[in-house]
Amino acid sequence: MTRVAVTALALSALAGCAGHQQSAIDPAGPQAGKIDTLWWSFFWLLGIIFIIVMVVTLLTLTRRHRGIEQEPLEGTHQPSEETDSRLRRVVTGATVITIVILFVLIVASVGTGKAIADLAFKKDPLTIQVTGIQWWWQIQYVNSDASKTLVTANEMHIPVGRPVQILGQSQDVIHSFWVPNLHGKRDLIPSRTTTEWIEADTPGIYRGQCAEFCGLQHAHMSLWVIAEPEDKFDAWMNAQLEPAANPSDPHTQRGQQVFLSNGCVMCHQIRGTTAAGQNAPDLTHFGSRRGIAANTVPNTKGNLAGWIVDPQSTKPGNHMATIAVNSTNLQPLVDYLESLK
Ligand code: CUA
C-alpha cells in the first residue's frame with residue numbers, strides 16, 4: 001500500500017509529462033530495476049528506523065515527565081550502579097546496531113553498483129554517442145559504416161531488449177545524462193568520454209533530463225528516449241538516414257529558400273541541401289521530433305514560429321541567433337521545417 005502511495009505521490013508531482021512518468025521507481029530496464037530494488041530496500045529499512053526512533057522518543061518524553069514528579073527536589077541525583085550499567089549497555093548496543101546498519105547499506109549500495117556494472121553486455125550492442133551542449137543534446141549513432149552514422153538531437157530511439165552503450169561527452173561544461181526509468185545519472189565531462197549501458201525491457205517513451213547544473217537553461221535540457229520493437233526501430237533508423245525530402249509545392253519550396261538564404265545555415269545542417277552548419281541541432285528530420293529547443297516546448301507550428309521570431313522569449317539565454325524573418329516568409333519557413341519528417 002505504502003509503495004503505491006509513494007509512487008502515486010512521486011508520479012503526481014510529475015504529472016503532465018507525456019509517455020512514462022520520469023521516475024527512478026518506475027523502472028523499464030535491468031539497470032533501473034536494480035536501482036529500484038536498492039531504493040526500496042533503503043526506503044523500508046530507513047522508514048522502520050525512523051518509526052522506531054520516533055516511538056522511543058515519545059516514550060522517553062512521557063517517562064521523563066513522570067520521573068521529574070517523583071524525584072526529590074534537593075541534592076544531586078546520582079543514578080544507581082544498576083541504572084548506570086544499563087544505560088551503558090543501551091548506548092553501546094545502539095552504536096553497534098547503527099554501525100552494522102550503515103555497513104549493510106554500504107554493502108547493498110556497492111553490490112548494486114557491481115551488479116549494474118556486470119550488466120555491461122559487450123555482444124552486439126548499439127552504440128550511441130551523447131554530447132551535452134548548452135543547452136541541448138546531440139545524439140550520434142556510431143557505426144563503422146559511415147553511411148549508417150546518424151546525427152540527430154534531443155530525441156533518441158532505441159530497440160527494446162538490446163543493450164545500448166552510451167558514450168557520454170560534453171562540448172562545454174559538465175552536464176549529466178539521466179533517464180531515471182532506464183539508469184542512474186552519468187556525468188558528461190569535457191574532453192573525456194564516460195560510458196553507460198542502458199537497456200529497455202518495455203516499449204515506451206522515457207524522459208531524460210540534464211542532472212548537473214550547467215547554466216541558465218539547465219532546467220530546459222531534456223530529451224526523449226523512445227524504446228520500440230526492433231523492426232520499428234529499424235524503420236525509424238532507415239527513414240532518418242535518408243536525406244531531407246525536397247519540397248514539392250511552391251509554398252514549402254519558398255520556405256526552403258528562406259532557410260538556405262538566411263543565417264540558419266551557419267549553424268544547422270539539413271542533409272540533402274547546402275545547409276551544413278555543425279553548431280546546432282541537425283534539422284534533417286526536424287518535423288519527426290517531439291519537441292523544440294531540447295523539448296522546452298512541444299513541436300507545433302505555432303511554437304516553431306515563436307521560437308524562430310524570438311528564441312529568447314521561449315528559452316532565455318539560449319545560443320540560437322535571432323534571424324530577421326519577415327511575416328510573409330515566416331509561414332513558408334515553418335511549413336518547410338515541419339515537412340521534414
Ligand atoms: Cu546540461 Cu544541466
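The questions below concern a helix pair and a sheet in a predicted model. In this predicted model, local features need pLDDT of at least 70, side-chain atom pairs count only at pLDDT 80 or more, and totals for chains, interfaces and linings use all residues. Residues are numbered from 1 along each chain as its sequence is written, and side-chain values use heavy atoms, with hydrogens and water left out.

Q: Why is H7 called oblique to H9?
A: The axes of helix H7 (residues 301-309) and helix H9 (residues 327-338) come within 10 Å and cross at roughly 120°. Angles under 35 degrees count as roughly parallel, over 145 as roughly antiparallel, 65 to 115 as roughly perpendicular and the rest as oblique, so H7 is oblique to H9.

Q: Which residues make the contact of H7 and H9?
A: With contact meaning heavy atoms within 4.5 Å, H7 contributes Lys301, Leu304, Ala305, Ile308 and Val309, while H9 contributes Leu330, Leu333, Val334, Asp335, Leu337 and Glu338. These residues divide into eight nonpolar, no polar and three charged, where Ala, Val, Leu, Ile, Met, Phe, Trp, Tyr, Cys and Pro count as nonpolar, Asp, Glu, Lys and Arg as charged, and the others, Gly among them, as polar.

Q: What makes S4 and S7 the edge strands?
A: In the open, mixed sheet of five strands, ordered S4-S10-S9-S6-S7, strand S4 (155-159) and strand S7 (186-188) each pair on one side only.

Q: How do you know that S6 and S7 pair?
A: Two strands pair if DSSP finds at least two bridges between them, and three bridges join strand S6 (residues 175-178) to S7, the two running antiparallel; therefore they meet that criterion.

Technical notes: Axes fitted to C-alpha atoms, helices over the stretch in contact; angles between N-to-C directions. Helix = DSSP H or I, 4+ residues; strand = E, 2+ residues; numbered from the N terminus.
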